[in-house]
Amino acid sequence: MASSPAPVKKVPIHLQSAQNRVYIKNGEVVNHDKSFKADVYIEDGIIKFVGPAADITVPGGVRVIDASGKLIMPGGIDPHTHMQLPFCNAVAVDDFYHGTKAAVAGGTTMIIDFVIPNKNESMIEAYDTWRSWADPKVCCDYGLHVGITWWSKSVSDEMAILCKELGINSFKTFMAYKGLYQLNDSDMLDVFERIRGLNAVAMVHAENGDIIAKNAKRLLAEGVTGPEGHELSRQEEVEAEAVNRACILAHQVDCPLYVVHCMSKSAGIEISRARQRYSGKYIFGETLAAALGTDGSHYRCQHFDHAAAHVLSPPLRPDKTTPEFLMKLLASDDLQTTGSDNCTFNKKQKELGLGDFTKIPNGVNGVEDRMSLVWERGVHSGLMDPCRFVAITSTNAAKIFNIYPQKGLIGVGSDADIVIWDPKASRTISKDTHHHACGFNIFEGMTVHGVPDFVLVRGRICVEDGSVRVAEGFGRFISTPLRPSFVYDSIESKTESEEGQQVEQQNGNVAKKLVEMDSHIVTQEPPSTMFSSNSTPNCNNNNSNVSNARGRVDGKRDLQESSFSISEELDNSNVRSSIKVKNPPGGKSSGFW
């Protein structure tokens with residue numbers, strides 16, 4: 001006779017701790033690898049239970065949230081922000097309070113900002129400055145990367161202190177900003193070798209600074225002084241060349257490399273080729289909300305303020321098929337993360353570049369709208385499933401910078417950084433309703449599906465039904481430990497024989513895959529208008545909604561297949577043989593001083 005099944009043992013919820021106790025029921029938990037029906041219980045900022053309602057006993061006095069029809073996802077992690085950054089005789093107006101408040105409002109519960117030392121400045125002193133700015137103001141948890149803006153033995157020594165004592169595991173190098181931050185190839189090799197020796201992660205801003213400096217000088221001499229000169233001076237190939245060179249330099253010393261803000265199809269192709277060439281090891285790629293949600297046609301707007309508000313580096317691209325192409329790279333794991341590069345300046349600050357586009361402070365918004373925009377362009381359009389959405393907005397960043405599973409997971413023991421997501425709700429993005437300190441939004445007028453219904457930061461309900469309630473200084477600094485296993489396990493397990501046998505086949509595979517993706521973009525119907533005529537008066541530079549198809553939440557992806565030559569794509573990607581411009585669309589900006 002068969003024995004009766006053992007009774008299910010219910011997990012008791014203790015009555016200690018009258019605060020920070022939240023029970024989320026009837027929702028669908030979505031992690032990077034799977035989704036499933038489950039309830040979630042939180043106590044003292046930590047997830048204590050994830051499972052069926054039958055397995056838990058809920059006492060009175062607990063805040064209960066009914067998530068029926070909603071998704072329970074890890075809060076977003078934005079791996080690329082610049083809050084309160086001094087740049088071009090200006091300071092970004094989104095400080096650590098306004099910037100993290102905007103982040104939380106959009107479903108992002110952690111940012112990783114950048115310490116950018118001045119040339120010849122101590123990195124540790126710069127780190128202390130950033131901590132003094134952030135700690136009293138942050139509304140959510142944050143981490144820090146540190147920029148390498150010059151190279152010497154003292155820099156090398158300080159890198160070790162930052163890694164071993166101050167919670168830093170990532171360092172950003174610059175191939176642009178000649179005379180300010182740019183390193184030459186020899187110094188880059190030394191930096192990468194030092195980073196590899198510390199078991200840290202290298203990051204790179206990949207643009208050829210020498211080309212940019214020469215182009216900018218020539219354009220200004222020819223009378224191209226308006227914002228359109230910014231993109232003309234740093235075309236796609238200038239970004240793509242630097243990406244390829246950075247990947248090769250990093251590979252010489254076995255150093256993992258994270259390429260920040262990939263903004264063009266050509267640069268994305270170079271990242272994908274490098275990942276295939278090195279069997280998915282070494283190279284990780286990030287793109288931005290700005291690159292996925294708008295394009296470079298705005299630089300040719302007749303209104304200086306509108307055009308200048310879109311200036312960032314690398315620039316937005318005039319090719320309107322770029323956003324969908326980059327989204328497909330994210331869907332296929334050729335790119336791994338989405339950031340915002342949030343660095344906002346007001347109208348007066350942007351006008352520092354009147355008469356000289358090189359003096360326009362670089363930066364745009366994005367930290368608040370990143371999650372909804374990626375959902376709209378990725379999941380709602382049918383290009384990816386919700387699990388992939390979680391990976392590229394949260395989990396992959398947590399893994400690369402070694403804070404997983406503390407962050408980036410709905411799991412027992414993880415921080416209760418949670419967003420309860422309504423995939424059916426929609427909102428219209430506007431400067432009038434956003435939480436940034438700036439008076440401009442580059443996504444103005446765009447309607448997005450996918451809205452955070454509730455946002456919890458370490459168990460504290462900070463967003464509820466559109467109301468944002470945050471506490472200045474509530475966030476904590478999160479150390480990023482050395483040797484992230486997600487990064488280093490694959491590097492250290494490689495063998496020369498495996499690498500040699502696979503290189504030829506992989507180069508062919510990546511070319512075929514990228515060609516297939518881009519063929520669909522080139523042959524699709526003309527894009528529809530995103531902005532109304534009222535939101536961009538006299539600009540004649542409408543953005544494109546890539547697709548109006550409703551997305552699925554069933555875990556299936558929809559990557560169309562076709563074929564053409566990748567070499568033809570690169571040869572015909574609007575590369576200009578000359579940068580000389582007569583009567584530039586933005587006109588010759590009048591002098592400011």
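Tutor: Buried means under 20% relative accessible area, exposed means over 50%, and partly exposed is in between (1.4 Å probe, protein chains only). Residues are numbered from 1 along each chain as its sequence is written. This is a predicted model, where local features need pLDDT of at least 70 and side-chain atom pairs count only at pLDDT 80 or more, while totals for chains, interfaces and linings use all residues, and side-chain values use heavy atoms, without hydrogens and water.

Student: Why is Asp341 called buried?

Tutor: Its relative accessibility is 8%, which lies under 20%, so Asp341 counts as buried. Asp341 sits in the loop between strand 17 and helix 12 (347–350). Helices (H or I, at least four residues) and strands (E, at least two) are DSSP runs, numbered from the N terminus.

Student: And what makes Asp333 partly exposed?

Tutor: The relative accessible area of Asp333 is 31%, between 20% and 50%, so partly exposed is the right word. Asp333 belongs to the loop between helix 11 and strand 17 (337–339).

Student: What makes the backbone at Asp333 and Asp341 worth a look?

Tutor: Most residues other than glycine have a negative phi, and most peptide bonds are trans. Asp333 is not a glycine, yet its phi is positive, about 70 degrees. Asp341 is not a glycine either and has a positive phi of about 55 degrees. Just after helix 13, Gly382 also takes a positive phi, about 90 degrees.

Student: Which kind of peptide bond, cis or trans, joins Ser313 to Pro314, and which joins Tyr404 to Pro405?

Tutor: The bond from Ser313 to Pro314 is cis, with omega near -10 degrees. Pro314 is in the loop between helix 10 (304–308) and helix 11 (322–331). The bond from Tyr404 to Pro405 is cis too, with omega near 10 degrees, and Pro405 lies in the loop between helix 14 (386–400) and strand 18.

Student: How do you know that helix 13 is mostly covered?

Tutor: Helix 13 runs over residues 370–380, and 11 of its 11 residues are buried. Among them are Arg370, Trp375, Glu376, Arg377 and His380.

Student: What makes strand 12 mostly covered?

Tutor: Strand 12 spans residues 141–148, and eight of its eight residues are buried. In a regular strand the side chains alternate between the two faces of the sheet. Here Asp141, Gly143, His145 and Gly147 point one way, while Tyr142, Leu144, Val146 and Ile148 point the other way, and all are buried.

Student: How many residues are buried across the protein?

Tutor: Buried residues make up 60% of its 593 residues. The protein has 17 helices and 23 strands.

Student: Why is Lys172 called buried?

Tutor: Lys172 has 2% relative accessibility, under 20%, so the word buried applies. Lys172 is part of strand 13. Leaving out residues up to four places away in sequence, Lys172 touches nine listed partners, including His80, His82, Phe114, Met203 and His205; a contact means heavy atoms within 4.5 Å. An unreviewed UniProt entry lists Lys172 as "modified residue: N6-carboxylysine", and such annotations may be inferred rather than shown by experiment.

Student: What makes a space a cavity rather than a pocket?

Tutor: On a 1 Å grid over the protein atoms alone, a cavity is a set of points where a 1.4 Å probe fits but cannot get out, whereas a pocket is an open set with protein on both sides within 12 Å along at least five of seven lines; lining residues have an atom within 4 Å of a point.

Student: Which residues lie nearest the centre of the largest cavity?

Tutor: They are His82, Leu85, Phe87, Tyr177 and Asp341, out of 18 lining residues. Strand 9 (86–87) and strand 13 (170–174) each give two or more residues to that lining.

Student: And which residues lie nearest the centre of the second largest pocket?

Tutor: Ala105, Glu368, Arg427, His435 and Gly466 do, out of 19 that line the second largest pocket. Strand 18 (418–428), strand 19 (447–457) and strand 21 (467–468) each give two or more residues to its lining. Strand 19 gives the most, with three residues.

Student: What gives the most to the lining of the largest pocket?

Tutor: That is helix 5, with four residues. Strand 9, helix 5 (209–221) and helix 6 (228–233) each supply at least two.
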